[in-house]
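This report covers charged side chains and one pocket. The sequence and structure come first.

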Amino acid sequence: VLRQTQADVYCLVRAEDLPQAWQKLRTALTPAINKNEALYDRIIPVLGDLGQSKLGMSSVQFEQLTQTIDTIYHCGANVNLIYPYKALYATNVRGTHEILALASTHHSKSVNYLSTLDIFESLASTGIHEFFEDANIALGKGISGGYAQSKWIAEKMVVEAGRRGLPISNYRPGMVPGHSQSGYSNTSDIFCRLVKSLAEVRQAPMLDLLIDMTPVDYVSQAITSLSL
């Protein structure tokens with residue numbers, strides 16, 4: 001977004017104060033920004049928490065933000081394939097509810113929501129193998145796993161907000177690994193940990209398995225271009 005537009009970017013950060021927020025932002029963004037310090041001039045950290053009412057902001061701060069921003073990119077989530085639904089509800093479901101409240105207050109703001117391919121699990125159980133954008137994800141026998149369940153509920157909320165007139169876009173990536181050129185990635189995610197474990201034990205299962213992955217730089221550029 002910083003590269004493809006001239007917009008100021010308000011970034012929600014879970015931190016104790018602004019110095020800590022800046023530290024977290026720089027740790028996350030430095031490999032991607034690649035010494036282009038001028039881009040930081042258009043980042044405004046917002047102290048908050050997706051899992052809390054009003055995104056962890058005061059009523060005054062929340063109201064000010066509703067009057068300031070025009071477009072929302074909601075890709076924040078607790079991504080954990082082990083936790084049950086209840087453990088992920090606050091961040092993934094309630095957080096999305098608060099984002100939609102932010103988007104619909106004062107003036108309508110477009111919401112670009114990062115969902116997941118996992119929400120099609122219930123449809124897949126019906127024997128369907130091709131899914132279209134307007135497919136009814138409520139069909140089928142249900143979804144297993146707290147993460148997929150929480151994202152399913154959140155997407156239903158986003159779609160309903162769109163039905164009521166809010167400009168919304170859903171993006172449903174599968175596995176998103178590191179940068180296609182630099183290799184920089186989140187080394188704590190499940191795939192990186194799996195590869196590291198196999199390398200350390202020098203053993204790997206004999207599996208004929210195709211893994212669908214899309215590099216993070218392609219995903220971020222595509223979503224930004226589509227949103228514009």
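## Charged residues in helix α5

Arg-163 is exposed, as its relative accessible area is 63%. The model is a predicted one, and the accessibility is computed from it. The partner of Arg-163 in a salt bridge is Glu-160, with 2.6 Å between the closest N and O atoms. Both residues belong to helix α5, where three residues, about one turn of the helix, separate Glu-160 from Arg-163. Glu-160 has a relative accessible area of 25% and is therefore partly exposed.

The pairing extends to a third residue: a network of salt bridges links Glu-160, Arg-163 and Arg-164.

## Salt bridges between separate parts of the chain

The whole structure contains four salt bridges. One of them joins Arg-26 to Glu-37, with the closest N and O atoms 3.2 Å apart. Arg-26 is part of helix α1 (residues 18–33) and Glu-37 sits in the loop between α1 and β2, so this salt bridge ties together parts that are 11 residues apart in sequence. Arg-26 counts as partly exposed because its relative accessibility is 33%. Glu-37, at 43% relative accessibility, also counts as partly exposed.

A further salt bridge is formed by the side chains of Arg-172 and Glu-155, at 2.4 Å from N to O. Distant parts of the chain are linked by this pair: Arg-172 is in the loop between β5 and α6 (190–201), while Glu-155 is in helix α5, 17 residues apart. Both Arg-172 and Glu-155 are buried.

## A buried aspartate without a salt bridge

Side chains of opposite charge can pair when their charged atoms come close. Which side chain of opposite charge is nearest to Asp-49? It is that of Arg-14, 4.5 Å away, and Asp-49 has no salt bridge although it is buried. The cut-off for a salt bridge is 4 Å between a side-chain nitrogen of Lys or Arg and a carboxyl oxygen of Asp or Glu, so a distance of 4.5 Å does not qualify.

Asp-49 is located in the loop between β2 (43–47) and α2 (59–68). Its side chain does reach a backbone atom, namely the nitrogen of Gly-51, at 2.9 Å.

## The second largest pocket

How much space lies in the second largest pocket? The volume is about 270 Å³. Its lining consists of 13 residues, and those nearest the pocket centre are Glu-133, Asp-134, Ala-135, Val-159 and Arg-172. Two elements, α5 (146–163) and β5 (168–171), each give two or more residues to the lining. The largest share, four residues, is that of α5. By residue class, the lining has six charged, four nonpolar and three polar residues.

Arg-172, listed among the residues nearest the pocket centre, is the residue that forms a salt bridge with Glu-155. Ala-135, also in that list, is placed in the loop between α4 (121–124) and α5. Is Ala-135 buried, partly exposed or exposed? Ala-135 is partly exposed, because its relative accessible area is 24%. From Ala-135 to Leu-228 the separation is 93 residues in sequence and 24 Å in space, taken from C-alpha to C-alpha.

How values were computed: Residues numbered from 1 in each chain as written. Predicted model: local features only at pLDDT ≥ 70, side-chain atom pairs only at ≥ 80, totals over all residues. Heavy atoms only, no water. 1 Å grid on protein atoms, 1.4 Å probe; cavity = no way out; pocket = protein on both sides within 12 Å on 5 of 7 lines; lining within 4 Å. Points joined across faces, edges and corners; volume = space filled by probe spheres on them. Nonpolar A, V, L, I, M, F, W, Y, C, P; charged D, E, K, R; others polar. Buried < 20%, exposed > 50% of the residue type's maximum accessible area, 1.4 Å probe, protein only. Lys, Arg positive; Asp, Glu negative; His and termini not counted. Polar contact = N/O pair within 3.5 Å; in protein donor to acceptor, adjacent residues only side chain to side chain.
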